Amino acid sequence: MSTRTLSVSQALVEFLANQWTVDRVGGTEHRERTIPGMFGIFGHGNVAGVGQALKQYQASDPRLMPYYQGRNEQAQVHQAVGWARHTRRRSTFAVSTSIGPGATNMVTGAALATTNRLPALLLPSDQFASRAPDPVLQQLERPDAGDLTVNDVFRPVSRFFDRVWRPEQLFSALLNGMRVLTDPAETGAVTIALPQDVQAETLEVPEEFLAPREWRIRRPAPEEEDVRAAVAAIRAAERPVVIAGGGVHYAFATEALREFAETTGIPVAYTQAGVGVLDWDHPRCLGAVGSTGSTAANAVVAEADLVIGIGTRYEDFTTASRTAFQHPGVRFLNINVAAFDAHKLGTSLPVVADARKTLVELTKALGGYRVGADLAETVATEKRRWDGIVDDAFGDRHEPLPAQNEIIGAVNGAMAERDVVICAAGSLPGDLHKMWRVKDPYGYHVEYAYSCMGYEIAGGLGVKRAALAEAARDGQDPRDVVVMVGDGSYLMMHTELVTAVAEGLKLVVVLIQNHGYASIGALSEQLGSQRFGTKYRYLDEDRHSFDDGSTLPIDLATNAESLGVRVLRVEPGEGVIDRLAEAVAQAKAAPEGSGPVLVHVESDPLIDAPSSESWWDVPVTATAELDSTNEAYALYQQHKSRQRPLLGN
């Protein structure tokens, strides 16, 4: 067997550079690098290991494993996730960190990746395997466990975890990690901890380990008996409805879903991850479902006797905390590549298979089937009602401060169909889910499985990188990527704007300044806690309260400018929404390579989005001295009476 003498880190980098994802969808085969690059922030844990390897290969072949800087380890993981989602899980980035805080900064990113079922390869450095300098700087010491390190916190938030205590363990660790990264049913964060001394040790590496290797994405077809059972259930149903999740996108099943809906007349509602599976104005599209859904989707789902869940994990927002389904005999037909999700809600009709292949088979097997005229009329009526509600919300003109609804409408109207909107946390994701009008499967990217404040700008950069690669591959202009973010999330993690400046990445950021946490403020009010602790105000020392003091003099536009970002200020006053639309258009007109542009606008946080006529279960204190809490508890009990925690059919 031919071998080469390499350091562990050199073997790691060269191995990753030669991994390829191969994916066949229909008759088309797609091949791309599984790990196209690596992010890293260097410290004593990885500078002499992974850092040396990256530098060495940069000198000999800069294209082998491109290195990218970041300003925060968590944000680097978010960039990897943004890339992975836009590439439909075919590739992701690796992230190298030093030991201690550099490593644990990635834990939130790991949880986000795993929760969203998106691949990310995390390479945190670790303490010395030899324990020669014990304890080393930043090492966690436990008197009861010498082999426990801070990296063990990655275990519950990773889909795969390993630690390379000896050089030869690298082979199995990487092969198993790649297996998980490219498995649509298992994917998530893959964490391989690298002790800092092991990174620099040498080993004999077989040439076959370093040779190009292909990882084919598995897309299993449905079993015949499952198709027969599904067809029988659909034919027996009077009011079926589809709830489409992100799995439809990852299976490249949007065209198959459209044909299924048009052939059968079965209406389609979508989750946060499923936005874009149908054009918003398609006659069969009900829009968003659940707590942040449209009244159209929620009205139809409430009466559905068969819910066809496709590629969804049935998050509580999707099911309105299990109050969405009110038909006494409702059944669930769940199509999912992951058995864990296919069996949810106690279904007796799980189809563990690829969404596209299953939809093609169902459409063929249901030849001649179509829903009744009464359901079709209900869909048309409810859809017209909701579209009118959104038109009114977009058309309002509150001045001098606009409502968030109007801001969403203005940004939506200023964007091209192929552009991508990015968001993650706060009130914006729910309002976008309800009202954003999308006509491209890639046009909506909201991270809501983990709802992580701070994802927006970093995740947006990951999407922008993927959009540029997509444009280069397909020979077209790159999509504009527009991040919508509130001041709360911006303050959590905005430093990746510096990354965009350094690389000249054109990212459009619409920063909505409302001087506090608008989402939790509204929820707090609903729960009887009167927006406690959600406003950015000076401390009233006598009452020890932040609720009633003067507004903090925060100037986030100037903050962005100080980072090298071009800023367009939309001042409050007459015509503010028209001027906002013009500013977004101006930002989009900036040439590629010119760096990020931030559009700053203030809003009125007290004007709510249209009601979804739905509910979300957040417990209310059962006994209180505040009248507002007692009133909220009485309403909570009313909603609770509609909850069906054990559906099981």
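**Close-up 1. T21 pairs with E32 in strand 3 of this predicted model.** T21 has E32 as its bridge partner. Strand 2 covers residues 19–25. Six bridges join strand 2 to strand 3, and the two strands run antiparallel.

**Close-up 2. Strands 3, 2 and 11 make an open sheet.** The order is 3-2-11, and the pairing is mixed. Strand 3 (28–33) and strand 11 (213–216) stand at the edges. Each has a single partner strand, so one side of each is left without a neighbour in the sheet. Neighbouring strands are turned by 25° against each other on average, direction ignored.

**Close-up 3. Six strands form an open sheet with parallel pairing.** The order runs 19-18-20-21-23-22. Strand 19 (444–446) and strand 22 (566–570) are the edge strands. Each of these two pairs on one side only. From one strand to the next, the twist averages 20°.

**Close-up 4. Strand 22 runs parallel to strand 23.** Strand 23 spans residues 597–602. Five bridges join strand 22 to strand 23. R569 stands opposite H600, a residue of strand 23.

**Close-up 5. Helices 16 and 17 lie across strands of the six-stranded sheet.** Helix 16 takes in residues 404–414. It lies across strand 20 (481–486), strand 21 and strand 23. Its angle to strand 20 is about 170°. Helix 17 takes in residues 427–435. It lies across strand 18 (420–423), strand 19, strand 20 and strand 21. Its angle to strand 19 is about 150°.

**Close-up 6. Helix 20 has buried residues on one side.** Helix 20 covers residues 496–503. E496, L497, T499 and A500 are buried in this helix. They cover an arc of only 155° around the axis, so they sit on the same side of helix 20. An α-helix has 3.6 residues a turn, so residues three or four places apart point the same way. The buried residues of helix 20 pack against helix 3 (73–86), helix 18 (455–474), helix 19 (487–492) and strand 21 (508–513). Just after helix 20, G504 takes a positive phi of about 65°.

**Close-up 7. N298 is a buried residue of helix 12.** Helix 12 covers residues 295–302. N298 counts as buried because its relative accessibility is 9%, and the cut-off is under 20%. Leaving aside neighbours within four places in sequence, N298 is in contact with V289, G290, G293, S612 and S614.

How values were computed. Residues numbered from 1 in each chain as written. Predicted model: local features only at pLDDT ≥ 70, side-chain atom pairs only at ≥ 80, totals over all residues. Heavy atoms only, no water. Helix = DSSP H or I, 4+ residues; strand = E, 2+ residues; numbered from the N terminus. Buried < 20%, exposed > 50% of the residue type's maximum accessible area, 1.4 Å probe, protein only. Contact = heavy atoms within 4.5 Å. Arc of directions from axis to C-beta. Pairing = 2+ DSSP bridges. Axes fitted to C-alpha atoms, helices over the stretch in contact; angles between N-to-C directions.
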